[in-house]
Amino acid sequence: QDRIAGVSWFAGDTVHFGMGATGHWADDARLRASITNRTDTLQRAVRNYQKFIFVGLLEDMEGSLELLQYALSWSTPPKLGLENVADPPRPEVGERT
């Protein structure tokens, strides 16, 4: 991301274009407000961030889950199942699908 999206997300703003029913105009208005009022947006983001118990990274999901375990004093880290990690199984020759 370009830092604006992350800060805006923590601030409670939506800046993902075309996501949702608000339309392009509303997306542009929120993005302009986030950029124009950078100090206010950053202050809201910091206030909201301080309310989080945990923030993990998709790029290091296993490490993030271990940190979550530590943050919540769990005896074992949570396990996530994997989906769509490979092509679906193919039928055997002669097998009906």
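In the predicted model, residue D60 is partly exposed, with a relative accessible area of 41%. D60 is located in the loop that joins α3, residues 38-49, to α4, residues 61-71. Together with E59, E62 and E66, D60 forms a negative surface patch. The accessibility of D60 satisfies the requirement for membership of such a patch, because patch residues must have over 30% relative accessible area and D60 has 41%.

The loop between α3 and α4 also contains F52. F52 contributes to a surface patch of another character, a nonpolar one of about 420 Å² that is made by W9, Y49, F52 and V55. The relative accessible area of F52 is 36%, and F52 is therefore classed as partly exposed, since this class covers values between the limit of 20% for buried residues and that of 50% for exposed residues.

With regard to overall architecture, the chain has four helices and zero strands. Read from the N terminus, the order of elements is accordingly α-α-α-α. The chain comprises 97 residues, of which 18% count as buried.

Within helix α3, a salt bridge links D40 to R44, and the closest N and O atoms of this pair are 3.3 Å apart. This is the one salt bridge that the structure holds. The pairing is consistent with a general principle: side chains of opposite charge can pair when their charged atoms come close. Both D40 and R44 belong to α3 and are separated by four residues, which corresponds to about one turn of the helix. An α-helix has 3.6 residues a turn, so residues three or four places apart point the same way. Neither partner is classed as buried, because burial requires a relative accessible area under 20%, whereas the value is 36% for D40 and 22% for R44. Both residues are thus partly exposed.

Helix α4 supplies several buried residues, namely G63, S64, L65, L68 and Q69. Q69, whose place is in α4, has a relative accessibility of 17% and so counts as buried, as this value falls under the 20% limit. A polar contact is associated with this residue: the side chain of Q69 reaches the backbone oxygen of S75 at a distance of 3.1 Å.

Y70 likewise lies in helix α4. In contrast to the buried Q69, Y70 is exposed, with a relative accessible area of 68%; this classification follows because the value is over the 50% limit. The C-alpha atoms of Y70 and F54 are 9.9 Å apart in space, while the two residues are 16 residues apart in sequence.

The segment after α4 contains S73. Just after the helix, S73 takes a positive phi of about 55 degrees, although S73 is not a glycine. The relative accessibility of S73 is 66%, and S73 therefore counts as exposed.

Technical notes. Residues are numbered from 1 along each chain as its sequence is written. This is a predicted model: local features need pLDDT of at least 70, side-chain atom pairs count only at pLDDT 80 or more; totals for chains, interfaces and linings use all residues. Side-chain values use heavy atoms; hydrogens and water are left out. Patches are made of residues with over 30% relative accessible area and no salt bridge: like charges are joined within 9 Å, nonpolar side chains (Val, Leu, Ile, Met, Phe, Trp, Tyr) within 5 Å. Accessible areas come from the Shrake-Rupley method with a 1.4 Å probe; for residues, only the protein chains shown count as cover. A salt bridge is a side-chain nitrogen of Lys or Arg within 4 Å of a carboxyl oxygen of Asp or Glu. Lys and Arg count as positive and Asp and Glu as negative; His and the chain ends are not counted. The place of a charge is taken as NZ of Lys, CZ of Arg, CG of Asp or CD of Glu. Helices (H or I, at least four residues) and strands (E, at least two) are DSSP runs, numbered from the N terminus. Buried means under 20% relative accessible area, exposed over 50%, partly exposed in between (1.4 Å probe, protein chains only). A polar contact is a pair of N or O atoms within 3.5 Å; within protein, one must be able to donate a hydrogen and the other to accept it, and residues adjacent in sequence count only if both atoms are side-chain atoms.
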